[in-house]
Amino acid sequence: MNSLLLTGGRVIDPANKFDSSADVLIIDGKISAVGKNLSAPKGIEIFDSGGKIICPGLIDLHVHLREPGQTAKENLATGTAAAARGGFTSVVCMPNTSPAIDNSGTVALIRERAAREGGVNVFVTGAITKNIAGEELAPIGSLKKAGVVAITDDGHCVQNNELMRRACEYAKMFDLPVMDHCQDYSLVTDGVMHEGYWSTALGLRGWPSAGEEMIVARNILLAELTGAKIHCQHLSAAGSVAHLREAKKRGVTISGEACPHHFVLTDAAVAGSEKFWANDGKILANSQTDGLPSWPAYDTNFKMNPPLRSAKDREAILEGVADGTIDILCSDHAPHCDYEKEVEFDYAPFGITGLETELSLSLMQLVHTKRISFVDMIAKFTVNPARLLNLNKGTLSVGADADVTVFDPNCEWIFRTEDSASKSKSSPFSGWQLKGKATATIVSGKIVWAENQKPHMALAAA
Ligand SMILES: [Zn+2]
């Protein structure tokens, strides 16, 4: 069936510049109509969305599902279950798996498994280089044929500029965007946190902002040289935003994304909760009505790559999101096993989960603070990533796949990792009071997740 009438919500569809109270009618998995007082054919389920926002299904273009080979951390079923809970109807998975997704056979394997086991749509990226080793190009043409939506060596960064240039040339030929994890190895070496006051105070090796900015600048030059679309992943540093802003003004085919942890937290969090709330977390503390969440110094849930940066960098990321320099929001959901994270800070792997908290944190830090509008935030989770990756998604146009997210922007709740659908419990936001939450996630007209599903439902009469 996959037919449904969503009633009583505020419908926001940035792709169609639509923002009004309206109903959404879904017939056989496609959007059939959007408008006021729609009537449903007999027997169709009616889903009351009063007081909620109805928008195109959210897309997260930066997710690690850990298949193949790392299923102790996450798998297609658990990763997509976490996505559904977070309000995401589509995720784009990264190829730094074991083995890497660097050939058409592995792409086919993941697409087939995702169709069978995935709770939401899964789009696959392929590696830029064989085995993500940065030495030899992966077969980009056959990856494209196998259905990848972009190429990236995420988790790693191609250091050889000539090789990256060739990758860009092939990618352009095959109309694939190149997504890049921007990290200059010679500058970063074995840094584990942002290089600054706190790395010195804590005695941890620093990962300087310049290590990211250097590669962002390189990518701008290569986008200009080759005309390829280059997308800079998980931007963390003020200088990266400045480079991107200037290049976009000149019409360079470059774009960027930001993750909530980089625009909510700072490196002071690595020094422990008291240090963070005393200064950088002051504004956020107001939203923690149940008392401030606490964590010790050197908590590895605050270790990710790129690292949490200074308050000044955080402000620059927020400004970049607000003025449109950063067009896309995503989680960089990077699950790990507890035993891997429960070690000394130096030895812990980089990465945290994010699918179930990113919508709330984006609402809190971007929309509730009036930095951007609902429309802008939703665009950065829907039409903008869809455009970058040429996905036929991110809109409520009549005839489009009925991927829809319903969320309550004002629902206050506490995120607890023990309730998470992800296999991984590594989140710095455990115990945080959040404001805003997905209440239903609909993929091709089917409700794949809903909070208190039954009370909303009724059947249309004749
Ligand atoms: Zn990365």
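Let me begin with one pair of side chains: D401 and K393 form a salt bridge, and their closest N and O atoms lie 2.9 Å apart. I should say at once that what we are looking at is a predicted model, and the values I quote are computed from it. Of the two partners, D401 has 24% relative accessibility and therefore counts as partly exposed, whereas K393, at 13%, counts as buried.

A second pair is E451 with K437, whose side chains meet in a salt bridge with an N to O distance of 3.0 Å. This pair links distant parts of the chain, since E451 sits in the loop between β18 (446–450) and β19 (457–459), while K437 belongs to strand β17 (residues 433–443), 14 residues away. In terms of cover, E451 is partly exposed at 25% relative accessibility, and K437 is buried, with a relative accessible area of 11%. Coming back to the pair I opened with, K393 and D401 are joined with K30 and D403 into one network by salt bridges that share partners.

Now for a third pair, in a helix. E112 forms a salt bridge with R116, and here the closest N and O atoms are 3.8 Å apart. Both residues lie in helix α2 (residues 104–117), and because they are 4 residues apart there, about one helical turn separates them. E112 has a relative accessibility of 52% and R116 one of 57%, so with the cut-off for exposed set at over 50%, both count as exposed. As a general remark, side chains of opposite charge can pair when their charged atoms come close. How many salt bridges does the structure hold? The count is 21. If we turn to the charges as a whole, the protein has 44 positive and 54 negative ones, and the mean positions of these two sets are 4 Å apart.

Let me step back to the overall fold. The secondary structure of the protein consists of 16 helices and 19 strands. The radius of gyration is 21 Å, close to the 23 Å that the globule rule gives for 462 residues, so the protein is as compact as a globular protein of that length. Measured out along the principal axes, if I may put it as a computed extent, the C-alpha trace spans about 70 × 55 × 45 Å. Of the 462 residues, 62% count as buried, and the accessible surface comes to about 17000 Å², with 50% of that area belonging to carbon and sulfur atoms. Among the contacts with a separation of 6 or more, 76% are between residues 24 or more positions apart.

Two local examples may help to make this concrete. Helix α15 (residues 374–381) is mostly covered, with 6 of its 8 residues buried; the buried residues are F374, M377, I378, A379, K380 and F381, and this list includes a lysine, K380.

The other example is F18, which is found in strand β2 (residues 18–27). Is F18 buried or partly exposed? Its relative accessible area is 28%, and F18 is therefore partly exposed. Setting aside its neighbours within four places in sequence, F18 is in contact with V11, I12, D13 and V34. Finally, F18 and L396 are 378 residues apart in sequence, yet their C-alpha atoms are 9.3 Å apart in space.

Note on methods:
Residues numbered from 1 in each chain as written. Predicted model: local features only at pLDDT ≥ 70, side-chain atom pairs only at ≥ 80, totals over all residues. Heavy atoms only, no water. Helix = DSSP H or I, 4+ residues; strand = E, 2+ residues; numbered from the N terminus. Rg over C-alpha atoms; globule rule 2.2 N^0.38 Å. Buried < 20%, exposed > 50% of the residue type's maximum accessible area, 1.4 Å probe, protein only. Contact = heavy atoms within 4.5 Å. Areas by Shrake-Rupley, 256 points an atom, 1.4 Å probe, with all protein chains shown as cover. Lys, Arg positive; Asp, Glu negative; His and termini not counted. Charge placed at Lys NZ, Arg CZ, Asp CG, Glu CD. Salt bridge = Lys/Arg side-chain N within 4 Å of Asp/Glu carboxyl O.
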